[in-house]
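Me: I have this model open and would enjoy a close look at one part of it. Could you take me through a single helix, and then show me how the rest of the chain is put together around that kind of element?

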Amino acid sequence: MRPPLLIKNALRIATMDDAGTELADADILIRGHVIEAAGKNLDCDGAERLDASGCVVIPGMINTHHHLCQSLTRATPAAQNEGLFRWLTTHYEIWRHLTEPYAALGASVGLGELLLTGCTTSADHTYLYPRGQTRLIDAQIEAARTLGIRFHPTRGSMSLGVSQGGLPPDDCTQSEEEILRDGERLIKEYHDPGPYSMLRIGLAPCAPFSVSPQAMKQTAAQAKRWGVRMHTHLCETTDEQEYCLKRYKLRPVDFLESMGWLADNVWLAHMVHVDDAEISRLAAAHVGIAHCPSSNLRLGSGTPPVRRYLDAGVAVGLAVDGSASNDTSDMLAEARQAMLVHRVKSGVGSMSARAALRMATRAGAAVLGRDDIGMIAPGKAADLAIFDVDRIDYAGSAGDPVASLLFCGASHRTKWTIVNGRVVVENGLLKNVDERALARQANAACLDLLSRAGVTA
């Protein structure tokens, strides 16, 4: 049995509790995988100790949307200056060469970077399955277990190929029967709904332009039967809106409702192009949102009305999105991006540093349907991000060390990241993976995928 872990002398602890409590010169005691106490002058015989002097501690951040396989196709030359649809069709030609080893490699890169930047729980949305590649998510799960991150993979799907009026190539789609069968397999093999779960499975048809209505309806029924959450992209671009109006004679939110998807077990990625009436309907249905600020900017998709969502009572978490449309998995940078972009979108006072950090922690937990993560308090999972602010890039920010995490800092690496009571990042390095070897393997895989697709590097 592991000895207790005692974090001592933290400069600040931002608990993210309901009152917004922040503790100065305080400690955190972890026993097993659970936080036992947070406060001043804590002690425990036989505990391992981490001296957090000069450090700010926040709950481990929660990434609510990712495409981990895309970590192998960052900054793709032919897609650097394209909007979503052209960006997708360019990448489909590359991703159709994905294999299970490459899925594991991409997951190791993306999840590793998340851990290094203070994220302790991540969702993923793998929706493209080249012919014969049936266990991509299984490979990603093994990578997550090796790294030690809490993982919420979703079984994505595309059933509407180009020959049926969809966007993806036909050989990157699957039948509804195959999709449902594999979703059930993954739930039976891996889904753990219990407290402090390290692994939960969701079901995630890709988008209205790549999934048939039948698949959407069947997924909703399957999710209800198994008691799991559902996820999809929606309202990301005006192209998508025009597609839905032309094909279904409905706006995207109306289409979603007609499929039985306005429900409290649903969270949606992006949600950029909506009106006030749709925001009210999303709030009434308790639908969550994964906000992807960097990706929305990178692809020129727009900026969602997050302040209006929050004011309406919609749960909004943060997400890095895929590493080919960001092109990083830096969770602290994503929180900073959210803070900045909404000062332009809805006014300089509309998004404080603490509001952005709350989206990255407490709100992200709510979006994923969890109440055991996202906060530093007795009984919560021992998931922590510890940042050393006693460095030159934070110098002069002693008046507010918590806000300095977003306003300052050139390097976003934690000093320690703790997941489920275990240290997985130590002194800014991953404990369970050789980062340099991983980077070399990922770059070799990138060049191989580009070569197979006939894309010039």
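Reply: Let's take helix H2, which covers residues 100–116. With 17 residues at 1.5 Å a residue, H2 should span 24 Å, and its end C-alpha atoms are indeed 24 Å apart, so the expected and modelled lengths agree. Do keep in mind that this is a predicted model. H2 is mostly covered, with 14 of its 17 residues buried. After the helix comes Gly118, and its phi is positive, near 95°.

Helix H4, residues 176–190, makes a good companion to look at. Its 15 residues should span 21 Å at 1.5 Å a residue, and the end C-alpha atoms are 21 Å apart, so here too the length agrees. The buried residues of H4 are Glu176, Ile179, Leu180, Asp182, Gly183, Arg185, Leu186, Ile187 and Tyr190. As you read along that list, it helps to recall that an α-helix has 3.6 residues a turn, so residues three or four places apart point the same way. What do the buried residues of H4 pack against? Their partners are two helices, H3 (136–147) and H5 (213–226), along with two strands, S8 (150–157) and S9 (202–205).

Further along the chain, helix H14 (residues 435–453) holds Cys446. This cysteine has 16% relative accessibility, and because the cut-off for buried is under 20%, Cys446 counts as buried. Cys446 and Leu72 are 374 residues apart along the chain, yet their C-alpha atoms are separated by 5.1 Å.

Now for the wider setting. The protein chain contains 14 helices and 17 strands. Its radius of gyration is 21 Å, close to the 23 Å that the globule rule gives for 457 residues, so the chain is as compact as a globular protein of that length. Along the principal axes, the C-alpha trace spans about 65 × 45 × 40 Å. Of the 457 residues, 62% are buried. Taking contacts between residues at least 6 apart in sequence, 75% join residues at least 24 apart.

Finally, the surface and the charges. The chain exposes about 16600 Å², with carbon and sulfur atoms supplying 50% of that area. There are 46 positive and 52 negative side chains, and the centres of these two sets lie 1 Å apart.

Conventions:
Residues numbered from 1 in each chain as written. Predicted model: local features only at pLDDT ≥ 70, side-chain atom pairs only at ≥ 80, totals over all residues. Heavy atoms only, no water. Helix = DSSP H or I, 4+ residues; strand = E, 2+ residues; numbered from the N terminus. Rg over C-alpha atoms; globule rule 2.2 N^0.38 Å. Buried < 20%, exposed > 50% of the residue type's maximum accessible area, 1.4 Å probe, protein only. Contact = heavy atoms within 4.5 Å. Areas by Shrake-Rupley, 256 points an atom, 1.4 Å probe, with all protein chains shown as cover. Lys, Arg positive; Asp, Glu negative; His and termini not counted. Charge placed at Lys NZ, Arg CZ, Asp CG, Glu CD. Expected span 1.5 Å × (residues − 1).
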